[in-house]
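Please walk through this chain with the model open beside the text. The account begins at one residue and works outward.

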Amino acid sequence: MQTKLVALAGAGVIAMVTVASLAQNNRPQVPEGLMFLGEPVTEAQVVLGQNIYADNCAACHGADLEGQPDWQRRLDNGRMPAPPHDESGHTWHHSDRNLFIVTRGGVEAVVPGYESDMPAFGETLSDAELVAVLSYLKSTWPERQRRSKQK
Ligand code: HEC
């Protein structure tokens, strides 16, 4: 419990510093009433999430959330390429809980034995950071995609 609180506090500090440095430009838009796992999403979380995305996800899922080229076609090794996280992909079809579990434990966490290039981030990112990065993805979706799943 205590480590979790420390992690949350740490994420808060990073978020505050980032908000301060980004305040002038590139300010993310947090859509009115945006929720993740039943909690309101704050601008600080989205700013933190945007940075986490750039550092941990953009290499595969694309700097603009566009995914890998030809992402619907299986690779020669039988695995799937990284899908986009914008509204053209299917990330928004999943519930918040499902996205959280997949990002923390990899696709194997929901489909046992499934081989995938999607890493499990449970060791590298705290729960608060996972919530932040997924809230950031959600903040970029148009209203229909955002509202398709509430929890
Ligand atoms: C090494 C490449 C790689 C990195 C880095 C990566 N992913 Fe993925 N991700 C994938 C691949 C490949 C898939 C497709 C999984 C499959 O079907 O095998 C995927 C799938 C997903 C899915 C499921 C999407 C869906 O519609 O089913 C989510 C959510 C996701 N990634 C989130 C993230 C987040 C958040 C990060 C950064 C914290 C991240 N990924 C970093 C490769 C990556």
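**From one leucine outward**

Leaving aside its neighbours within four places in sequence, Leu 134 is in contact with Phe 36, Asp 96, Leu 99, Phe 100 and Thr 103. The model is a predicted one, and this residue is a convenient place to enter it.

Leu 134 is one of the buried residues of helix H5, and Glu 129, Val 131, Tyr 136 and Lys 138 are also among them. Helix H5 is largely enclosed by the rest of the structure, because 11 of its 13 residues are buried. From its first C-alpha to its last, H5 reaches 18 Å, close to the 18 Å expected at 1.5 Å a residue.

The next topic is the nonpolar core. The largest nonpolar core has 18 residues, of which Ile 52, Ala 132, Val 133, Leu 134 and Tyr 136 touch the most other members. Two or more residues of this core come from each of H2, H4 and helix H5 (127-139). H5 gives the most to this core, with 7 residues. In soluble globular proteins, nonpolar side chains tend to be buried together.

Helix H2 covers residues 43-56, 14 in number, and reaches 20 Å between its first and last C-alpha, close to the 20 Å expected at 1.5 Å a residue. Its buried residues include Val 46, Val 47, Leu 48, Ile 52 and Tyr 53, and also Gln 45 and Gln 50.

Arg 104 has its place in helix H4. Is Arg 104 buried or exposed? Arg 104 is partly exposed, because 17 other C-beta atoms lie within 10 Å of its own, and a residue needs 20 or more to be buried and 12 or fewer to be exposed. Not counting residues up to four places away in sequence, Arg 104 is in contact with Ala 109, Ala 120, Phe 121, Gly 122 and Leu 130. Thr 124 is 20 residues from Arg 104 in sequence, and their C-alpha atoms are 9.0 Å apart in space.

The loop between H3 and H4 deserves its own paragraph. Ala 63 lies in this loop, between helix H3 (58-61) and helix H4 (96-105). Ala 63 is exposed, because its C-beta has 10 others within 10 Å. Tyr 53 and Ala 63 are 10 residues apart in sequence and 8.5 Å apart in space, C-alpha to C-alpha. Leu 65 is in the loop between H3 and H4, and Asp 70 is found there too. Most residues other than glycine have a negative phi, and most peptide bonds are trans. Leu 65, however, has a positive phi of about 65°, and Asp 70 has a positive phi of about 55°. What are the surroundings of each? Leu 65 counts as buried because it has 21 C-beta neighbours inside 10 Å, whereas Asp 70 counts as exposed because it has 9.

The ligand is next. Which residues come nearest to the ligand? Of the 24 residues around it, these are Cys 57, Cys 60, Met 80, Ser 116 and Met 118. H3 and H4 each supply at least two residues of the shell around the ligand. By kind, the residues of this shell are 14 nonpolar, 8 polar and 2 charged.

Pro 31 is in the loop between H1 and strand S1 (35-36). Pro 31 counts as partly exposed because it has 15 C-beta neighbours inside 10 Å. Residues up to four places away in sequence aside, Pro 31 touches Ser 139 and Arg 146. Pro 31 and Ser 139 are 108 residues apart in sequence, yet 6.3 Å apart in space, C-alpha to C-alpha. Ser 139 is one of the buried residues of H5.

The chain can now be taken as a whole. Its secondary structure comes to 6 helices and 2 strands, in the pattern α-β-β-α-α-α-α-α along the sequence. Of the 151 residues in the chain, 25% are buried. Among the contacts with a separation of 6 or more, 61% join residues 24 or more positions apart.

Confidence is the last point. The chain has a mean pLDDT of 87, and 79% of its residues reach 70 or more. Confidence is highest in H3, at a mean of 98, and lowest in helix H1 (residues 2-22), at 57. Where pLDDT is low, the predicted coordinates should not be read in detail.

Conventions. Residues numbered from 1 in each chain as written. Predicted model: local features only at pLDDT ≥ 70, side-chain atom pairs only at ≥ 80, totals over all residues. Helix = DSSP H or I, 4+ residues; strand = E, 2+ residues; numbered from the N terminus. Contact = placed C-beta atoms within 7 Å. Near = placed C-beta within 6 Å. Nonpolar A, V, L, I, M, F, W, Y, C, P; charged D, E, K, R; others polar. Expected span 1.5 Å × (residues − 1). Core = buried A, V, L, I, M, F, W, Y, C linked by C-beta atoms within 7 Å. pLDDT = per-residue confidence, 0-100.
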